[in-house]
Amino acid sequence: MKCQKCDKTATFHITELAGGKPKELHLCEEHARDYLAENETTEEAAEPAETLGQQLAVGQTVEQLAKLDKQACPVCGITFFDFRSKGRLGCSHDYVCFEKELEPLLVNIHGETAHTGKRPKRSPTDTDRLTDLIRLRKDLKTAVQAEDYERASQVRDEIRRLEGDKK
Amino acid sequence: MAAVDLEELVRSTGEWLRGSGPESDVVMSSRIRLARNLADYPFISRASPADRTEIEKTLREGIRKLGEAFHVSYLDVSKLEGLDRQFLVERQLISREHADSEGARGVAIDDNEQVSLMINEEDHLRIQVLKSGFDLAAAWEKINAIDDQIESFATYAFHERLGYLTACPTNVGTGMRVSVMLHLPALVITRQIDKLFRSLQKISLAVRGLYGEGSQAMGDFYQISNQITLGRSEEELVKQVSEVVPSIIDYERKAREYLVRESKQNLHDRVSRAYGILRTAQTISSEETMHLLSSVRMGVNLGLIPELQIPTLNQLFIHTQPAHLQKLSGSELDTADRNIERARYLRAHLNTEDGAADKN
Ligand SMILES: [Zn+2]
Ligand SMILES: [Zn+2]
């Protein structure tokens, strides 16, 4: 049997059992090493990013999906399309701004939509307000670059106020 | 916080390899990891190099300030050579993804290699606790305490309803992955492994095994872990994995007993031949080594090779991997030279006076 990625003989036959059905892979030593490297033998079997993205597209019309794909997070700028294609979110505010869109995916993966476990002891509340800091630090950089020192000092004050909030 | 002495690490073995934990004839190790992110920085995929540097600094400094009670040393992974990073992956102290990524990142490791804190992996922080044998309860107790200590200075991204927020939605909620590494050679020989896989999938546990030629697993090692991270408490997740392990251990031991009873001669022959090859080969691949060490490991557990100890074998599984071999021999080697060096290393460690390997 040949390696699925090149012409060498496949000496490694890998079975992935994460998710529903087993997936068979036949690879040469080199490609098997790459594959296992990517998929992290020592870690858990994570869902490949692409499958995550595909799950999100299910049940959407082309127009709906096209419109959804253009939506972007105001904090980190990631579009829904970026997330769908990479399977990784851009910042914690994405869970807020894409809340509805992520829900079916969470049900699909976990069968549940609410956390019931541990909470941080010192700061056991919602931290979404702190994502403003991400935006403000970007603003500060822009203001400094534009030599708009008045704006920069305003932003700096706001950052200090919010950082005080963290404690 | 002291810097990690890599050369010293090369020659030592982690606590989890000592084979001293509960049920260590079947369970190699128990591991729990928690994924955490700082609330005021973007996730890694959207973090600028400056963000990454600040995340790394915040976490590193914070961990350092936890002080002497928190016994860890630090390694700047971004400054390490490829071989050293590969070495840490083989040692299970960092992930492959962490080794191969770019930009500011590091790892804090405790003295006996039970705890590793990876900074700037897929999430800002990945806390890992690794224990020898079947010891998930102790692993949870330890990682829970470490998490509290870190949370005393770091504000984690947290959502009222969704819990701890992670870069990938597969980890959201508890951010926790509970896993055990099992050695199941008898279930492989008696062809019962597929049946076991199917029953575990039904209760949403993930199983991984690596197959070589002839559907023989690489070293007959399988990892079982939870897939769900949201909607169950950490204790429930620990319980879910913990409850299934004793029956797998039982299943494997029964298969071993069956082999001893029904075909002791064949079994003894298989084990002895494996031991013989490992002690005499002049060149040997990593795959063949794993395969033979697996038979020998089972043989030792069944009392067929009285002069060998489990910790020695566990150590050989790790020390014969590519980066370890190169670090131990002090030179970079290509595949062919590695195979020769591996055979030499095995002969040296399996042919000492009383059969037991020396420590170096
Ligand atoms: Zn190939
Ligand atoms: Zn975002």
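Helices (H or I, at least four residues) and strands (E, at least two) are DSSP runs, numbered from the N terminus. I put that at the top of the page since every entry leans on it.

**Ground rules**

I am working with a predicted model, in which local features need pLDDT of at least 70 and side-chain atom pairs count only at pLDDT 80 or more, while totals for chains, interfaces and linings use all residues. Residues are numbered from 1 along each chain as its sequence is written, chains are lettered from A and ligands numbered from 1 in the order in which they are written, and side-chain values use heavy atoms, with hydrogens and water left out.

**Entry 1: B:Leu196**

I began with B:Leu196, which I found in helix α7 (residues 193-202) of chain B. Is B:Leu196 buried or exposed? Its relative accessibility is 6%, so B:Leu196 counts as buried; the cut-offs are under 20% relative accessible area for buried, over 50% for exposed and partly exposed in between, with a 1.4 Å probe and protein chains only.

Next I looked up its partners, taking contact as heavy atoms within 4.5 Å. Setting aside neighbours within four places in sequence, B:Leu196 touches B:Leu184, B:Leu187, B:Ile248 and B:Tyr251. I also checked B:Leu196 against B:Arg36: they are 160 residues apart in sequence, and their C-alpha atoms are 33 Å apart in space.

**Entry 2: two positive phi values, and a third**

Just past α7, in the loop between α7 and β9 (205-211) of chain B, I came to B:Ser204. B:Ser204 is not a glycine, yet has a positive phi of about 50°.

I met another case at B:Asn120, also not a glycine, with a positive phi near 60°. B:Asn120 sits in the loop between β4 (115-119) and β5 (125-132) of chain B. With 1% relative accessibility, B:Asn120 counts as buried.

The third is B:Gln92, which follows α3 of chain B and has a positive phi near 65°.

**Entry 3: helix α3 of chain B**

That took me to α3 itself. Which residues of helix α3 (residues 82-90) of chain B are buried? I noted B:Asp84, B:Phe87, B:Leu88, B:Val89 and B:Glu90. Their cover includes α1 (6-11), β2 (72-76), α4 (96-100), β3 (106-110), α10 (310-319) and α11 (322-329) of chain B. A reminder to myself: an α-helix has 3.6 residues a turn, so residues three or four places apart point the same way.

**Entry 4: chain B as a whole**

I stepped back and found twelve helices and ten strands in chain B. The radius of gyration of chain B is 21 Å, close to the 21 Å that the globule rule gives for 360 residues, so chain B is as compact as a globular protein of that length. For the record, that radius is taken over C-alpha atoms, and the rule is 2.2 Å times the number of residues to the power 0.38. Along the principal axes, the C-alpha atoms of chain B fill a box of roughly 65 × 45 × 35 Å.

Buried residues are 63% of the 360 in chain B. Of its contacts with a separation of 6 or more, 71% are between residues 24 or more positions apart.

I then looked at the domains, whose bounds come from an automatic or database domain assignment. Chain B has domain 1 (6-255) and domain 2 (264-357). Over C-alpha atoms, their centres are 27 Å apart. The contact between them takes 29 residues from domain 1 of chain B and 24 residues from domain 2 of chain B.

**Entry 5: chain A and its zinc**

Chain A has eight helices and two strands, in the order β-β-α-α-α-α-α-α-α-α from the N terminus. Of its 167 residues, 43% count as buried.

Which residues of the protein are donors of the zinc ion (ligand 2)? They are A:Cys73 (SG), A:Cys76 (SG), A:Cys91 (SG) and A:Asp94 (OD), 1.9 to 2.3 Å from the ion. Donors here are N, O and S atoms within 2.8 Å of the metal (3.2 Å for Na, K and Ca); water is not among the atoms, so sites may look incomplete.

The spacing of the zinc donors along the chain is C-x2-C-x14-C-x2-D. A:Cys73 lies in the loop between α3 (62-70) and α4 (80-86) of chain A and A:Cys91 in the loop between α4 and α5 (94-97) of chain A, so the pair ties together parts that are 18 residues apart in sequence. I found both A:Cys73 and A:Cys91 buried.

In helix α4 of chain A I also stopped at A:Lys86, which at 53% relative accessibility counts as exposed.
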